[in-house]
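User: I would like to go through this model by question and answer, beginning with its empty spaces.

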Amino acid sequence: MADIRGTYDRLFIAVPNALADLLDAGDAGGSVAVFVDGEPVVDVWGGFADADRTVPWERDTIVNVWSVTKTMTALCALVLIDRGALDPDAPVAHYWPEFAAAGKEKVLVRHLLSHTAGLPDWDGPVDELYDWPAATSRLAARAPRWEPGTAAGYHSLTQGFLVGEVVRRVTGRSVGDFLAEEVTGPLGADFHIGLAPEHDHRVGLAIAPTGRDENYAASAPGNPKGSEAGNGVRVRDGNGLAWRRAQIPAASGYGNARSVAQVQSVLACGGEVGGVRLLSRAGCERAWEEQFNGEDRVLGMPMRWGLGYGLFGTTYGWGGWGGSLLMLEPDSGMVVAYVTNQMREPAEDTRGMEIVTAAYEGLQGLRR
């Protein structure tokens with residue numbers, strides 16, 4: 001069996017065992033954290049941080065969690081909404097006047113957070129993702145693909161720039177800086193959007209699925225004809241220094257399972273973790289207020305969207321390209337986070353749900 005390091009409550013033994021099974025099945029490395037009522041009951045890691053399997057995955061290894069980053073960007077917006085600095089029912093153009101171009105006067109802030117703004121497509125070059133003014137100007141000039149608020153289509157890359165620019169207009173700070181100063185800093189959490197060079201030695205690069213190389217690209221299965229939502233971002237792009245340094249708030253966040261679970265526990269615990277209050281209870285509940293329920297035009301499947309999170313029964317959260325996953329259940333105060341450097345084909349990847357299922361076994365024992 002793979003060597004799993006870290007700590008866990010004995011009731012949650014199924015979780016480290018599940019991680020060990022994934023590593024024994026061929027995965028390079030990963031980490032898992034389960035928090036209940038804001039306290040860690042599982043914090044484990046194992047395997048290797050590199051494709052050659054020569055560098056052990058350590059306690060402080062961090063990886064690109066891809067679209068799990070969206071939950072961090074959404075949390076920043078929820079904090080501002082809770083403070084009264086941002087109105088989810090206000091037109092985006094109230095904060096970002098240039099955005100009103102091309103018929104977007106009626107796009108609301110909540111439309112950005114719920115993937116209903118009609119701007120799912122990134123039609124620029126990958127290099128432009130590293131240029132914040134160029135990326136946001138491109139999106140401000142675009143016409144919506146549908147009437148905002150009437151349909152949903154997963155805004156794979158664009159959501160982060162859209163929400164992030166609103167955060168910047170309201171606060172004068174980039175979303176990465178706001179996250180660091182107002183969220184992760186106070187919590188002492190090791191999560192970053194826009195990674196500084198001093199952390200490079202801790203990064204585990206993404207490893208393409210078996211049979212694929214670094215040209216393996218992201219795609220969305222239900223893209224409408226003519227959509228650029230698949231965008232062509234490759235593993236090699238995500239492993240590059242330019243990607244790491246840039247703030248791409250839908251996809252370039254770096255952390256480990258501990259930091260993801262620690263931050264998002266704020267929402268599962270009524271707004272306060274470790275004596276640090278970031279939100280009111282009402283502010284937390286906004287995250288899972290349903291904004292859309294129906295067929296997602298980009299994902300090609302039924303989806304329920306809240307304010308920045310996917311809704312799944314009594315849980316909410318989101319996953320990232322390559323396998324990382326975040327799940328919150330407010331009724332039990334549980335948060336489960338899984339991050340990995342080993343990508344698998346999305347249609348065949350059930351790892352995150354296997355980890356969540358194992359966590360529920362522990363939760364049942366804990367609540368007896």
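Analyst: A cavity here is a set of grid points where a 1.4 Å probe fits but cannot get out, and its lining residues have an atom within 4 Å of a point. The model is a predicted one.

User: Which residues lie nearest the centre of the largest cavity?
Analyst: The largest cavity has a volume of about 120 Å³. Its lining divides into eight nonpolar, ten polar and one charged residue. Of the 19 residues in that lining, those nearest the centre are Asn64, Trp66, Gly204, Leu205 and Ala206.

User: Is Trp66 buried or exposed?
Analyst: Trp66 sits in the loop between strand S4 (63-64) and H2. Its phi is positive, about 50°, although Trp66 is not a glycine. The cut-off for a buried residue is under 20% relative accessible area. Trp66 has 6% relative accessibility, so it counts as buried.

User: Which residues are closest to the centre of the second largest pocket?
Analyst: The second largest pocket has a volume of about 240 Å³. It is lined by 18 residues, and the closest to its centre are Ala49, Asp50, Val55, Val203 and Leu205.

User: How many charged residues are in the lining of the second largest pocket?
Analyst: The lining of this pocket can be split by class. Ten of its residues are nonpolar and three are polar, while the charged residues number five.

User: Which helix gives the largest share of the largest nonpolar core?
Analyst: The largest nonpolar core has 89 residues, and Leu112, Leu129, Leu187, Trp243, Leu267 and Tyr309 touch the most other members. Nine residues, the largest share of this core, come from helix H2 (residues 69-83).

User: Which residues does Leu267 touch, not counting those up to four places away in sequence?
Analyst: Leu267 is among the residues of the largest core that touch the most other members. With residues up to four places away in sequence not counted, Leu267 touches Leu75, Leu78, Leu279, Cys284, Ala287, Trp288, Tyr309, Tyr316 and Leu328.

User: How many residues are in the second, separate core?
Analyst: Ala18, Val41, Val42 and Leu325 are included in this second core. Ala18 is also one of the buried residues of H1. The size of the second core is 23 residues.

User: Against which strands and helix do the buried residues of H1 pack?
Analyst: Helix H1 (residues 14-24) is mostly covered, with eight of its eleven residues buried. Among them are Val15, Leu19, Leu22 and Leu23. The buried residues of H1 pack against strands S1 (4-8), S2 (29-36), S3 (39-47) and S14 (334-340), and against helix H12 (351-367).

User: Which residues are in contact with Thr116, leaving aside neighbours within four places in sequence?
Analyst: Thr116 lies in the loop between helix H4 (109-113) and helix H5 (132-141). It counts as buried because its relative accessibility is 2%. With neighbours within four places left aside, the residues in contact with Thr116 are His111, Trp146, Pro148, Gly149, Ala151, Ala152, His155 and Phe292.

User: What is the relative accessible area of His115?
Analyst: His115 is found in the loop between H4 and H5. Its phi is positive, about 60°, although His115 is not a glycine. His115 is buried, and its relative accessible area is 1%.

User: What is the radius of gyration of the chain?
Analyst: The chain has twelve helices and 14 strands. For 368 residues the globule rule gives 21 Å, and the chain comes close to that, so it is as compact as a globular protein of that length. The radius of gyration is 19 Å.

Conventions:
Residues numbered from 1 in each chain as written. Predicted model: local features only at pLDDT ≥ 70, side-chain atom pairs only at ≥ 80, totals over all residues. Heavy atoms only, no water. Buried < 20%, exposed > 50% of the residue type's maximum accessible area, 1.4 Å probe, protein only. Helix = DSSP H or I, 4+ residues; strand = E, 2+ residues; numbered from the N terminus. Contact = heavy atoms within 4.5 Å. Core = buried A, V, L, I, M, F, W, Y, C linked by side-chain atoms within 4.5 Å. 1 Å grid on protein atoms, 1.4 Å probe; cavity = no way out; pocket = protein on both sides within 12 Å on 5 of 7 lines; lining within 4 Å. Points joined across faces, edges and corners; volume = space filled by probe spheres on them. Nonpolar A, V, L, I, M, F, W, Y, C, P; charged D, E, K, R; others polar. Rg over C-alpha atoms; globule rule 2.2 N^0.38 Å.
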